[in-house]
Amino acid sequence: MLRHFANGAVLGLILAELLLWGDVLGLRQLVVLAEAGAILTLAFLAYAAMLFGTLAMSVAVMNLGPE
């Protein structure tokens, strides 16, 4: 399960970085260039990693066969 969580977390970080890099809907201006930009960016990346990590782990649990 930890491997699935880690894979999802990495994919979440990649997606979050792409959203910030591409400045989708002004997200980079809102998060990075704010007064507390470092904390907001770290929180955004952590939330994305946790969201996609738990999603990947949930899918792995649902795909477990009956014991």
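**Entry 1: helix α1**

I began with the span of helix α1, residues 2-21: at 1.5 Å a residue, its 20 residues should cover 28 Å, and I find its end C-alpha atoms 28 Å apart, which agrees. I note at the outset that the model is predicted.

I then listed the buried residues of α1, which are Gly8, Ala9, Gly12, Ala16 and Leu20. They lie on the same side of α1, because the arc they cover around the axis is only 110°. The general rule is that an α-helix has 3.6 residues a turn, so residues three or four places apart point the same way.

Next I looked at the face of α1 turned away from its buried side, and there I recorded the exposed residues Arg3, Leu11 and Trp21. As for the packing partners, the buried residues of α1 pack against α2 (27-31) and α3 (37-62).

I also checked Ala6, which lies in helix α1. Its relative accessibility is 37%, so I entered Ala6 as partly exposed. From Ala6 to Ile39 I have 33 residues in sequence and 22 Å in space, C-alpha to C-alpha.

**Entry 2: the loop between α1 and α2**

I looked for backbone angles of note after α1. Asp23 follows α1 and is found in the loop between α1 and α2. Its phi is near 50°, a positive value in a residue other than glycine.

Leu25 has its place in the loop between α1 and α2. I recorded a positive phi of about 55° for Leu25, although it is not a glycine. For background, most residues other than glycine have a negative phi.

Is Leu25 buried or exposed? With a relative accessibility of 88%, Leu25 counts as exposed, because the cut-off for that class is over 50%.

**Entry 3: helix α3**

I repeated the span check on α3. This helix has 26 residues and reaches 37 Å from its first C-alpha to its last, close to the 38 Å expected at 1.5 Å a residue.

The buried residues I listed for α3 are Gly37, Thr41, Leu45, Ala48, Ala49, Gly53 and Ala60. Their cover includes α1 and α2.

I took two of these residues further. Thr41 is found in helix α3, and I entered it as buried because its relative accessible area is 16%, where the cut-off is under 20%. Leaving aside neighbours within four places in sequence, I find Thr41 in contact with Leu20, Val31 and Val32.

Leu45 is found in helix α3 as well. Its relative accessibility is 17%, so Leu45 counts as buried. Which residues does Leu45 touch, not counting those up to four places away in sequence? I recorded Leu13, Ala16, Glu17 and Leu20. I also looked up the separation of Leu45 and His4: they are 41 residues apart in sequence and 18 Å apart in space, C-alpha to C-alpha.

**Entry 4: the nonpolar core**

I asked which residues make up the largest nonpolar core. There are six in all: Ala16, Leu20, Leu27, Val31, Leu45 and Ala48. At least two residues of this core come from each of α1, α2 and α3. Ala16 and Leu20 were already on my list of buried residues of α1, and Leu45 and Ala48 on that of α3. Both Ala16 and Leu20 are among the contacts I noted for Leu45. In general terms, nonpolar side chains tend to be buried together in soluble globular proteins.

**Entry 5: the whole chain**

I closed with values for the protein chain as a whole. I count three helices and zero strands, and from the N terminus on the elements run α-α-α. The radius of gyration is 15 Å, well over the 11 Å that the globule rule gives for 67 residues, so the protein chain is more spread out than a compact globule. Along its principal axes, the C-alpha trace spans about 50 × 20 × 15 Å.

Of the 67 residues, 21% count as buried. The protein chain exposes about 5100 Å², and carbon and sulfur atoms supply 74% of that area. For contacts with a separation of 6 or more, I recorded that residues 24 or more positions apart account for 68%.

Technical notes
Residues are numbered from 1 along each chain as its sequence is written. This is a predicted model: local features need pLDDT of at least 70, side-chain atom pairs count only at pLDDT 80 or more; totals for chains, interfaces and linings use all residues. Side-chain values use heavy atoms; hydrogens and water are left out. Helices (H or I, at least four residues) and strands (E, at least two) are DSSP runs, numbered from the N terminus. The expected span of a helix is 1.5 Å times one less than its number of residues. Buried means under 20% relative accessible area, exposed over 50%, partly exposed in between (1.4 Å probe, protein chains only). The arc is that of the directions from the helix axis to the C-beta atoms. Contact means heavy atoms within 4.5 Å. A nonpolar core is a set of buried Ala, Val, Leu, Ile, Met, Phe, Trp, Tyr and Cys residues joined through side-chain atoms within 4.5 Å. The radius of gyration is taken over C-alpha atoms; the globule rule is 2.2 Å times the number of residues to the power 0.38. Accessible areas come from the Shrake-Rupley method with a 1.4 Å probe; for residues, only the protein chains shown count as cover.
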